[in-house]
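Good morning, and thank you for coming. I should like to take you through one structure this morning, beginning with a single chain and ending with a single residue.

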Amino acid sequence: MAAKVKEKKLKKLRTRGHRVVLNRSAGGDGGIAFMLIILGAFMFLPMYYVVIQSLKPLDELFMFPPRFYVMKPTFDNFGDLVTLMSDSWVPFSRYIFNTVFITICGTVGNLIFASMAAYALAKLRFPGRNAIFQIIVMSLMFHSTVNQVTHFIILSSFGWVDTYLSIIVPSMAGTMGLYLMKQFMETSVPDTVLESARLDGASEFRTYLTIAMPMVKPAWMTLIIECFKTLWNSGASIYIHSEELKTFNYAIQQIVTGGIARSGAGAAATVVMMLVPILIFVFNQSQIVETMGSSGMKD
Amino acid sequence: MSQTTETKRPVKRSEMSKLRWTWKEMKRNKTAYFMIAPFFLLFIIFTVLPVFLSMILSLTDFNMLEFPEFVGVTNYTRLFLQDDIFILACQNTLIFAAVTGPVSYLLSLLIAWFINELPPKIRAVVTLIFYAPSISGNVYLIWKTLFSSDQYGWANATLMDLGLISSPILWFEDADYVMGLCIVVALWTSLGTAFLSFIAGFQTIDRSMYEAAAVDGIKNRWQELWYITLPTMRPQMMFGAVLAITNSFGFGAVVDALCGFPSVDYAAHTIMHHLSDYGGARYEVGYSSAIAVVLFIIMFASNVVIKKALSKVGE
């Protein structure tokens, strides 16, 4: 009797294409599409406008009213960017070098330190393990800029103010990457595999390096983009005074605030800056989403 | 009587052995500590230590040059009783956080849910569109172009074209608009890590649960969301909430870039700004530490409250 009712109910569920679609009304689908288009436009149009601005020749930049398309696209703004920057007394290439150098050092350091710690926290049972992880989770609850003043005092006691170290070293202990890596290792590295490696006589460090790490490649990419986006986008820092140590992002900010005449070059610089993280994300999206599947927090 | 003494003794002994056991375990797991050490050491120095240092320095008068002088709670009384701008900053911060926190959180959840209803190929593109602003650094400066104070900005041009205004509005220099605009821009950049976490969470839910639920009488997608999807997603929602709170309190840089510092009439002045003003510009480290401690307490309190609320989802 119960089985009959069940069958009847399942028959009622409409099918769409080849898979069963449950509890979906056409009106609801339309509503969702409508909402996505409205919200998507809000998200997308400013991004699109940056790109359009960067391709506009000067006369189109000053057109009234401003247009959301470009009539004679040109790469002049990108050229202007280079000339504009070469006029400054710190060469353009220096800002780029600073950003790239800081980003690579910090991200690589974070990947090594955080994944090592994540492995120990996820896969080894030792006293203090939970306490350590709890403290790290707690740090996710506040924004690091709250610490800026005392952070500065500590950096200056090391004599690191106005050096690359002031940005690179603290970023190596970024907790977001560690958190995501640890959660992912817990679900996707089976203990039995590690156990058999240990039985074969591999040291714990070797097991981490040759067994666990290759299994969590998706989490690498996630950690890298988490650390990368922070460092790549770091702008004016209160820890850096020297012009020749400042980042590309800082330089852009100077151009963009330079007024309407520079808005084309400013847009060009923004496009250059945003292209890199977006490309990294595009090529690793499925891996990142896979890692995020285990990002949940259990109270 | 003799029984109680007998039960006491083994407990005591086991406590002793527990200590020794712990020590043994620690020695056995030496490698684990070595593996954590580099990260944890840096974490302690650059994250934990600053917090405690703030707490200690908040009770002192310190200008970075002379040795800090203990002043008790003077900094706190000054903060709440004499500093009108701090009270204003508190108001702004709470308004900003109360709007951007919940709205960005619900937006992330809702959009992730919508996206999950799409076919897989379109899903990747749509995810990118929504996620891109949060990883693109200071691309949000484009809002300054869109809302620039001359007629070349899109907002002014459109309003003037329609004949709604006769002269350009000074968007980011007008106390009436600053807060609203900053909230919009903050929301625009807020679909970040939590949003991805939600997307992943929706994807990992077992489809057979929906089939079972449909048989059990779930009638539409809203019921499905409330009774099945959200309870299964609770860990992700917890994670997302933590990030939403963190971000909603730490948005100072966006305001600086858009409105300059200080913002007009302190209209978008937040606790974070007040903190960097006293700590960075005036070298009143003790006072700024007190501000930091207040902000800490607000952040942790919000976390506790939100977590309590979230544990009721789907019940």
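What percentage of the 315 residues in chain B is made up of buried residues? The answer is 42%. Please keep in mind throughout that this is a predicted model.

Let me first describe chain B as a whole. Chain B contains 15 helices and two strands. Its C-alpha trace spans about 95 × 70 × 40 Å along the principal axes. The radius of gyration of chain B is 26 Å, whereas a compact globule of 315 residues would have one near 20 Å. Among the contacts in chain B with a separation of 6 or more, 70% join residues that are 24 or more positions apart.

The domain assignment divides chain B into domain 1, residues 1–57, and domain 2, residues 82–310. The C-alpha centres of these two domains of chain B lie 39 Å apart.

I turn now to the partner chain. In chain B, 95 residues are in contact with 88 residues of chain A. Helix α2 of chain B, residues 30–57, gives the most to the side of chain B that touches chain A, namely 19 residues. By class, that side of chain B has 58 nonpolar, 28 polar and nine charged residues.

Next, the interior. The largest nonpolar core has 144 residues, and those with the most contacts inside it include A:A117, B:F39 and B:I291. Helix α5 of chain A, residues 92–123, gives the most to this core, with 12 residues. Why does the core lie between domain 1 and domain 2 of chain B? It does so because both domains, 1–57 and 82–310, give residues to it.

A:A117 deserves a closer look. Leaving aside neighbours within four places in sequence, A:A117 is in contact with A:L178 and, in chain B, with B:M35, B:I36, B:F39 and B:F40.

Finally, consider B:L191, which lies in the loop between α8 (175–188) and α9 (193–204) of chain B. Is B:L191 buried or exposed? Within 10 Å there are 25 other C-beta atoms, and 20 or more are needed for a residue to count as buried, so B:L191 is buried. Beyond its neighbours within four places in sequence, B:L191 is in contact with B:L107, B:S108, B:I111, B:F130, B:Y131 and B:S134. B:P133 is 58 residues away from B:L191 in sequence, yet the two are 7.8 Å apart in space, C-alpha to C-alpha.

Thank you for your attention.

Methods:
Residues numbered from 1 in each chain as written. Chains lettered and ligands numbered in written order. Predicted model: local features only at pLDDT ≥ 70, side-chain atom pairs only at ≥ 80, totals over all residues. Domains from an automatic or database assignment. Contact = placed C-beta atoms within 7 Å. Helix = DSSP H or I, 4+ residues; strand = E, 2+ residues; numbered from the N terminus. Nonpolar A, V, L, I, M, F, W, Y, C, P; charged D, E, K, R; others polar. Core = buried A, V, L, I, M, F, W, Y, C linked by C-beta atoms within 7 Å. Buried ≥ 20, exposed ≤ 12 C-beta atoms within 10 Å, placed from the backbone. Rg over C-alpha atoms; globule rule 2.2 N^0.38 Å.
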